[in-house]
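Hi everyone, thanks for coming. I'd like to walk you through one structure today, so have a look at the screen and then we'll go around it together.

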Amino acid sequence: GESAIEMNIRALGYYNQGEYDSATLYYRKALHIDPDDAEALVGAGNSKSAQGDYDSATYFFDRALENDPENNEALYGRGLAYLNRQRPADAVREGKALYELNPGYRQATLLIGDGFFDLQNFDSACYWYEAGYRADLR
């Protein structure tokens with residue numbers, strides 16, 4: 001039979017072509033082979049997010065983070081899913097966790113900024129957007 005790695009490679013190919021249903025199918029096949037495969041869990045989460053299914057996306061990101069609480073891609077993906085589910089305070093929390101792991105990580109600063117913006121805390125939003133800009137200048 002095919003390996004989880006081979007399934008992930010096929011899934012990524014579909015994902016990159018915008019064929020998210022097929023990508024999810026192959027990520028699920030990888031998870032059938034290895035239920036804890038971080039790449040498949042994050043990939044399935046990203047595929048579900050790309051389709052606007054943020055609840056399913058969060059499920060996959062949660063599973064990835066159960067196995068590895070410091071998985072950057074899963075933290076970021078779950079943070080974006082929270083933003084899209086109108087849960088900006090959770091997005092800020094996720095972004096801050098990501099930022100603590102990777103100070104200066106621009107995606108984390110933008111996630112935090114977007115969360116504060118959605119909370120209408122514009123001073124904090126500006127602070128974090130500027131932090132991302134400063135990180136880019138380094």
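Let's start with a question: is Ala 38 buried, partly exposed or exposed? Keep in mind, by the way, that what you're looking at is a predicted model. Ala 38 has a relative accessibility of 33%, so it counts as partly exposed, the class between under 20% for buried and over 50% for exposed. You'll find Ala 38 in helix α3. And if you go looking for Ala 108, that one is 70 residues away from Ala 38 in sequence, with 20 Å between their C-alpha atoms.

Now stay in that helix and move along to Ser 47. Helix α3 covers residues 38-50, and Ser 47 sits in it. Here the picture is of a buried residue: the relative accessible area of Ser 47 is 0%, so it falls under the 20% cut-off. Who is around it? If we skip the neighbours within four places in sequence, Ser 47 is in contact with Tyr 15, Tyr 20, Ala 23, Thr 24 and Tyr 27.

Remember Tyr 27, because it comes back with Asn 8. Asn 8 belongs to helix α1. At 2% relative accessibility, Asn 8 is another one that counts as buried. Asn 8 and Tyr 27 are 19 residues apart along the chain, but their C-alpha atoms are separated by 5.8 Å. Again leaving out neighbours within four places in sequence, the contacts of Asn 8 are Tyr 27, Ala 30, Asp 37, Glu 39 and Ala 40.

Okay, on to a pocket. Which residues line the largest pocket? They are Leu 12, Tyr 15, Tyr 27, Ala 38, Glu 39, Val 42, Gly 43, Asn 46, Asn 71 and Glu 73. So our Ala 38 from the start turns up in that lining. If you wonder how one finds a pocket at all, rolling a probe the size of a water molecule over the atoms shows where empty space is left. For the largest pocket here, the volume comes to about 150 Å³. Helices α1 and α3 each give at least two residues to its lining, and the largest share, 5 residues, comes from α3. By type, the lining has 5 nonpolar, 3 polar and 2 charged residues.

Next, the rings. To describe a pair of aromatic rings, you give the distance of the centres and the angle of the planes. How many aromatic pairs does the structure hold? There are 6. Take Tyr 14 and Tyr 26: their ring centres are 5.5 Å apart and their planes meet at 15°, which is under 30 degrees, so we call the pair stacked. This pair links distant parts of the chain, with Tyr 14 in helix α1 (residues 4-16) and Tyr 26 in helix α2 (residues 20-33), 12 residues apart. The two partners fall into separate classes here: Tyr 14, at 25% relative accessibility, counts as partly exposed, whereas Tyr 26, at 11%, counts as buried.

Then there's the pair of Tyr 99 and Trp 128, which is edge-to-face, at 5.1 Å centre to centre and with 85° between the planes. This one also links distant parts of the chain: Tyr 99 is in helix α6 (residues 88-101), Trp 128 is in helix α8 (residues 122-137), and they are 29 residues apart. Tyr 99 is partly exposed at 24% relative accessibility, while Trp 128 is buried at 12%. Add Tyr 127, and ring pairs link Tyr 99, Tyr 127 and Trp 128 into a cluster. Tyr 127 has another partner too: Arg 134 lies over the face of its ring, at 6.0 Å from the ring centre.

Last stop, two loops. Where is Gln 86 found? In the loop between α5 (72-84) and α6. Gln 86 is not a glycine, yet its phi is positive, at about 60°. Gln 86 has a relative accessible area of 65%, which is over 50%, so it's exposed.

Gln 120 tells a similar story in another loop, the one between α7 (106-118) and α8. Its phi is near 65°, a positive value in a residue other than glycine. With a relative accessible area of 61%, Gln 120 is exposed as well.

That's my tour, so over to you for questions.

Definitions and conventions:
Residues numbered from 1 in each chain as written. Predicted model: local features only at pLDDT ≥ 70, side-chain atom pairs only at ≥ 80, totals over all residues. Heavy atoms only, no water. Helix = DSSP H or I, 4+ residues; strand = E, 2+ residues; numbered from the N terminus. Buried < 20%, exposed > 50% of the residue type's maximum accessible area, 1.4 Å probe, protein only. Contact = heavy atoms within 4.5 Å. Phe/Tyr/Trp six-rings, centres within 6.5 Å; stacked < 30°, edge-to-face > 60°. Lys NZ or Arg CZ within 6 Å of the ring centre and 35° of its normal. 1 Å grid on protein atoms, 1.4 Å probe; cavity = no way out; pocket = protein on both sides within 12 Å on 5 of 7 lines; lining within 4 Å. Points joined across faces, edges and corners; volume = space filled by probe spheres on them. Nonpolar A, V, L, I, M, F, W, Y, C, P; charged D, E, K, R; others polar.
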